[in-house]
Amino acid sequence: MTSGASFSFMGPVDLHLHSDHSDGTEAPAEVMRQARAYGLRTAALTDHDRTTGWDEAGQAAVALGMTFIPGMELSAKHEWRSVHVLGYLFDPADADLVAETARIRGDRVGRAERIVRNIARDYDVSWQDVLEQTTLDATVGRPHIADALVARGIVRDRTEAFDGILHPREGYYEPHYAPDPVTAVRLITRAGGVAIIAHPATAGRDRMMPVPFIERLIDEGLAGFEVDHRENTAAGKRALHDLAVRHDLIVTGSSDYHGAGKPNRPGENVTTEAMLARIIERGTGSAPRHP
Ligand code: AMP
Ligand code: FE
Ligand code: FE
Ligand code: ZN
């Protein structure tokens, strides 16, 4: 830590929350109000592929007496797996990162339109319905398509949409552009940020990347893993924990709050203050905002 820093890091700490700048259902300030209401003292905003919510969330958090950690969840892809890389405390103006996130977001729009076109062959839903569920120029994803299906009365909630129509097995799915995880980790690290793989050990098709590949990411600057997350399997958490100890990595725990879009509640998993201190020490591209 830099000498002279007199604040102490405050728990409980939750480092993974989404607003309506991506696929959360609440504005950034409301996300911070919810975080405070659930007892958090430190929270990060980690919208998919964008940083536009930082200022609103940061101001709200500080006004609530909380510490705000600027973050993002960067979309990546390894073979068939969708890999999400959390970045903290990077420079939001870094040219390479700005260009890559713009490319991902741009491709997500055409991809969402293709998915909707596929679904519209069998169901009464249109691209206009999706736009009505999408605020600002939010990072568009399947959750917004799910919300359009809910508004049309075709499914009850996002969960039902993801278990059915939006699942790749149903045949409507289309992929979107995403960099490989090596590129994602490099982009965040070179922008002064701290790269942590989000929910690395989910069940099923998206199961963990092979350990030798993860070790390659560590060589590229990967700082750690989000171990305590409701979608990591118990066996996966043990494997990640062992790997983290072996390589002296950071481990985090977080909720992945999406407002009404998922059952996840702020603070359902938390990060220790010691691990937060390591993240703050390592991040050089932007600063935490303290009350
Ligand atoms: P996409 O990136 O467009 O393929 O959509 C993936 C996003 O959908 C992830 O960021 C999740 O937050 C969200 N998601 C995945 N599964 C579910 C689910 N069962 N219920 C609600 N949201 C989900
Ligand atoms: Fe999401
Ligand atoms: Fe994710
Ligand atoms: Zn997330």
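In this predicted model, the buried residues of helix α7 pack against three strands, β3 (67-78), β4 (81-88) and β5 (194-197), and against two helices, α3 (95-120) and α8 (211-219). Helix α7 itself covers residues 181-190, and its buried residues are P181, V182, A184, V185, L187 and I188. An α-helix has 3.6 residues a turn, so residues three or four places apart point the same way. Among the buried residues of α7, P181, A184 and L187 are listed together with V182, V185 and I188.

Both ends of α7 have local features. At the start of the helix, D180 places a side-chain oxygen within 3.0 Å of the backbone nitrogen of V182. V182 is also one of the buried residues of the helix. After α7 comes G192, which has a positive phi, near 80°.

Helix α3, one of the elements packed against by the buried residues of α7, also contributes to the surroundings of ligand 1. At least two residues of the shell around this ligand come from each of α3, α5 (142-151) and α6 (158-163). Helix α6 supplies three residues, the largest share of the shell. The space that ligand 1 takes up is the largest pocket.

There are 14 residues around ligand 1, and those that come nearest are H48, R108, R111, R142 and H258. Oxygen atoms of the ligand take part in several short polar distances. An N or O atom in the side chain of R111 is 2.7 Å from a ligand oxygen. For R142, a backbone N or O atom lies 2.8 Å from an oxygen atom of ligand 1, and for H48, a polar side-chain atom lies 2.9 Å from a ligand oxygen. Ligand 1 taken alone exposes 500 Å², of which the protein buries 82%.

Two of the residues that come nearest to the ligand, H48 and H258, are also in contact with H18. H18 is located in the loop between β1 (13-14) and α1 (28-37). With a relative accessible area of 0%, under the 20% limit, H18 counts as buried. Its side chain forms a polar contact of 3.4 Å with the side chain of S22. Beyond its neighbours within four places in sequence, H18 is in contact with D23, G24 and V31, with L45, T46, D47 and H48, with E73, and with D256, Y257 and H258. E73 falls within the residue range of β3 (67-78), a strand against which the buried residues of α7 pack.

Notes:
Residues are numbered from 1 along each chain as its sequence is written. Chains are lettered from A and ligands numbered from 1 in the order in which they are written. This is a predicted model: local features need pLDDT of at least 70, side-chain atom pairs count only at pLDDT 80 or more; totals for chains, interfaces and linings use all residues. Side-chain values use heavy atoms; hydrogens and water are left out. Buried means under 20% relative accessible area, exposed over 50%, partly exposed in between (1.4 Å probe, protein chains only). Helices (H or I, at least four residues) and strands (E, at least two) are DSSP runs, numbered from the N terminus. Contact means heavy atoms within 4.5 Å. A polar contact is a pair of N or O atoms within 3.5 Å; within protein, one must be able to donate a hydrogen and the other to accept it, and residues adjacent in sequence count only if both atoms are side-chain atoms. A residue is near a molecule or strand if one of its heavy atoms lies within 4 Å of it. Accessible areas come from the Shrake-Rupley method with a 1.4 Å probe; for residues, only the protein chains shown count as cover. On a 1 Å grid over the protein atoms alone, a cavity is a set of points where a 1.4 Å probe fits but cannot get out, and a pocket is an open set with protein on both sides within 12 Å along at least five of seven lines; lining residues have an atom within 4 Å of a point. A molecule sits in a cavity or pocket if more than half of its atoms lie within 2 Å of its grid points.
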